[in-house]
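Hello,

Here is the structure we talked about, handed over for you to explore. Have a look at it first, and then read on for what turned up.

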Amino acid sequence: MPSRTGSHSPTGTGKSLPERGLLLLMVLVLLEGSVLPLGAASSPDISHQKNVDNHKVEDEKNYTKKAFPVLDLDYHHIQTPFEISLWVLLASVMKLGFHMIPRLPGIVPESCLLITVGLLVGGLIKLAGEKVPPVLDSQLFFLCLLPPIILDAGYFLPIRPFMENLGTILMFAVVGTLWNAFFIGGLLYAVCQIQPANPSELHQLEILPCLLFGSIISAVDPVAVLAVFEEIHINELLHILVFGESLLNDAVTVVLYHLFEEYSAAGTVTVLDGFLGIISFLVVSLGGILVGAIYGILTAFTSRFTSHTRVIEPLFVFVYSYMAYLSAEMFHLSGIMALIACGAVMRPYVEANISHKSHTTIKYFLKMWSSVSETLIFIFLGVATVDGPHHWNWTFVTVTVILCLVSRIIGVVGLTCVINKFRIVKLTTKDQFIVAYGGMRGAIAFSLGFLLKKEQFPMREMFLTAIITVIFFTVFVQGMTIKPLVELLAVKKKQEAKRSINEEIHTQFLDHLLTGIEDICGHYGHHHWKDKLNRFNKKYVKKCLIAGERSKEPQLIAFYHKMEMKQAIDLVESGGGVNLPSAVPSTVSMQNIQPKKPPPAKPVEKALPKMTKGREEEIRQILRSNLQKTRQRLRSYNRHTLVADPYEDGFSELLIKKQKMIELEKKIQHMNNYLTVPAAPPDSPTMCRARLASDPQAYSSKPAAERVPTIQVDLASPQSPDSVNLMDEFRRADQQEEDQGLMMKPPSGQSGPNRPGEEDRGREQQKLTRCLSDPGPSADEEEDEPFLP
């Protein structure tokens, strides 16, 4: 058999079975050497190996044959994935049941119901005598549950309203969070030091642990804000203000948390530590944005080469985004800001490169993933409330809830007074109330409190109890009452209006107009820098990150293609396009198409006759001469009475003077044919300057009008102001001037050849004509210099 196998193998490439077996044995030896520890590979324990062999021999002797098990149970083998699947299934069923009950979603927010379900599940586990699993572990929350929610928010973030309100969002996120942290922490420390004669456990709290607790409880939670604000359908301005604040205050929370945690053991914080904290805030925030932007650019650049493997396009989006979050967390940067920056940077370029099916996959997978994570967070929060060790202190918990409300209201009202001085669209009192009342706390605060060490913070259980109380108060009380308050105050809600191409055209037109106005005024506002960024993006970035001709496609055309695709999808989903054939059939369908009868030939359409160039130029001349007259119409008025003001010097008079000068120049050019000299009217600039130069004392600029003339216009009359033609008025004025002018007639003479004396006479006549037809001083002469000597 070996020789037979070797005879059939090709020469030079075939190997016999012993050679293959030897090669396989060498590979196994190498693998075994790499897997075994270094000590075991260098000096193997021979005695231990003999003992193992002896035990195997004894087991073989004592082994008795049993019946082959038909059915076996091994729960520990699949315990972890099975329990994870059960939790996800429970969350999905609860979410489905919540929306199936008719009136329940209008009364109770979804987050409240999910926390209640978590409380019931935790209570049932405890009643059964089992240990409640630590479901809301900090590692699980920050590494598995939070990233999908933030990525969904960052990828579909409305960039335009976010950038237009970025200053307001930063004020609320940075200054507002600092105010809340120090206000709550400072007053909590002051309350804990009341009644020193009666010492209690609260007197053991120092200022730094109180400030640490204030930094944990002061930040607005993005998960809770999304859960509540998406149900009440608040207007876009308020939604982006509160949600943007919840996203950007993560950097402040991270810096304050690490700063106070680091120096709580030391007990003192110096000025240098505060200065380093400010630098750390800049590094954490800007570093997170930089990491996210780098990964977003890498995602866009990778998607440029995926035209042949469309299946893995969504995978790059998810993997690069998660790596951006992990890279930021690895350096203790803001992972939330890294995900926001990554999603916002990659989206316009990725959507231009990937297929529509991949775009749909990314959209629905992110929505599904974030929805499941949000549901699990609230259920786990209820379970952890039942399981966690609690230490209830009425004074500490009550003061914490009150201070959270008071600090939020004072911070929003005070910052709004400053912000409204710089905003065009002011924040009203209703808007301030919604922003202050919508400051929800959630699982981020609970997870940060859960990370505290018992040895360093003896009051850890009391902190966790107060944090859970504040979360329940904001989610249940504020979350359940904000919707009736929005309806009671008649706050403007979100209008579900589809963007049209007309709106996009006007938006881009206004952007270009405002940019031009800023350039003319010399004021470099955000429109100027936005235009610079768009030009740089179009000239350099798009060419590198977008493949094919899509990189040169204008923004308006790209928006039109997107609208067309969306309209086609809506038509198909609504059932209107069931009978429509597919625009681009697949390769398989093209191979299975049966030959059909050719369609009947369409009647040949008559082509338009070709037009000669002369005729085309004649039509253009007619259109050009007629279309230019539309700009020469007088402005129309909607009043019945027009009052003529003789002292008004408006724009219309400048147009009339300019037109008269043009007509006068035309007359001078044709003066040799008609030999007419128009007489200057008494109110002309030439006569006025002549009178002023001759007798300045007796000259009055304009006679005082005793009575202002009034023009009555009948609306039914065809001679309305809209029908007045400027050219007709000029012709009438010219006729009147010609009637009053002086007619110069050449002397009658013989029609024969001119004589030498007559040539000199003709030259003098031409000089006289030029002198009399002088239009007056030119525009180059000074205004104060008299025309006549």
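**Cysteines**

A search through the whole structure, which is a predicted model, turns up zero disulfides. C192 shows how a pair can miss the mark: its sulfur has its closest cysteine sulfur in C210, at 4.9 Å, and that is too far for a bond, because a disulfide needs the two sulfur atoms within 2.5 Å. C192 itself is buried, at 3% relative accessible area. C144, by contrast, is partly exposed, with 41% relative accessibility.

**Salt bridges**

How many salt bridges does the structure hold? The count is 11. As background, side chains of opposite charge can pair when their charged atoms come close.

One of these pairs is D152 with K367, whose side chains meet with N and O 3.5 Å apart. D152 belongs to helix α8 (residues 138-155) and K367 to helix α18 (residues 356-387), so this pair ties together parts of the chain that lie 215 residues apart in sequence. The two partners sit in unlike surroundings: D152 counts as buried at 10% relative accessibility, while K367 is partly exposed at 39%.

Another pair to look at is E313 and R310, where the closest N and O atoms are 2.6 Å apart. Here E313 is buried, with a relative accessible area of just 2%, and R310 is partly exposed at 32%.

E487 and K493 also form a salt bridge, with 3.8 Å from N to O. In that pair, K493 is partly exposed, at 33% relative accessibility. Beyond single pairs, R160, E164, D511 and K530 are joined into one network by salt bridges that share partners.

**A nonpolar patch on the surface**

Which residues make up the nonpolar patch on the surface? They are L73, Y75, I78, F82, L86, L89 and V93, and together they have about 680 Å² of accessible area. If you would like one residue to start from, try I78: you will find I78 in the loop between α4 (46-62) and α5 (79-100). I78 counts as partly exposed, because its relative accessibility is 35% and that class covers values between 20% and 50%.

Enjoy looking around, and do write back with any questions.

Best wishes

Definitions and conventions
Residues are numbered from 1 along each chain as its sequence is written. This is a predicted model: local features need pLDDT of at least 70, side-chain atom pairs count only at pLDDT 80 or more; totals for chains, interfaces and linings use all residues. Side-chain values use heavy atoms; hydrogens and water are left out. Patches are made of residues with over 30% relative accessible area and no salt bridge: like charges are joined within 9 Å, nonpolar side chains (Val, Leu, Ile, Met, Phe, Trp, Tyr) within 5 Å. Accessible areas come from the Shrake-Rupley method with a 1.4 Å probe; for residues, only the protein chains shown count as cover. A salt bridge is a side-chain nitrogen of Lys or Arg within 4 Å of a carboxyl oxygen of Asp or Glu. Helices (H or I, at least four residues) and strands (E, at least two) are DSSP runs, numbered from the N terminus. Buried means under 20% relative accessible area, exposed over 50%, partly exposed in between (1.4 Å probe, protein chains only).
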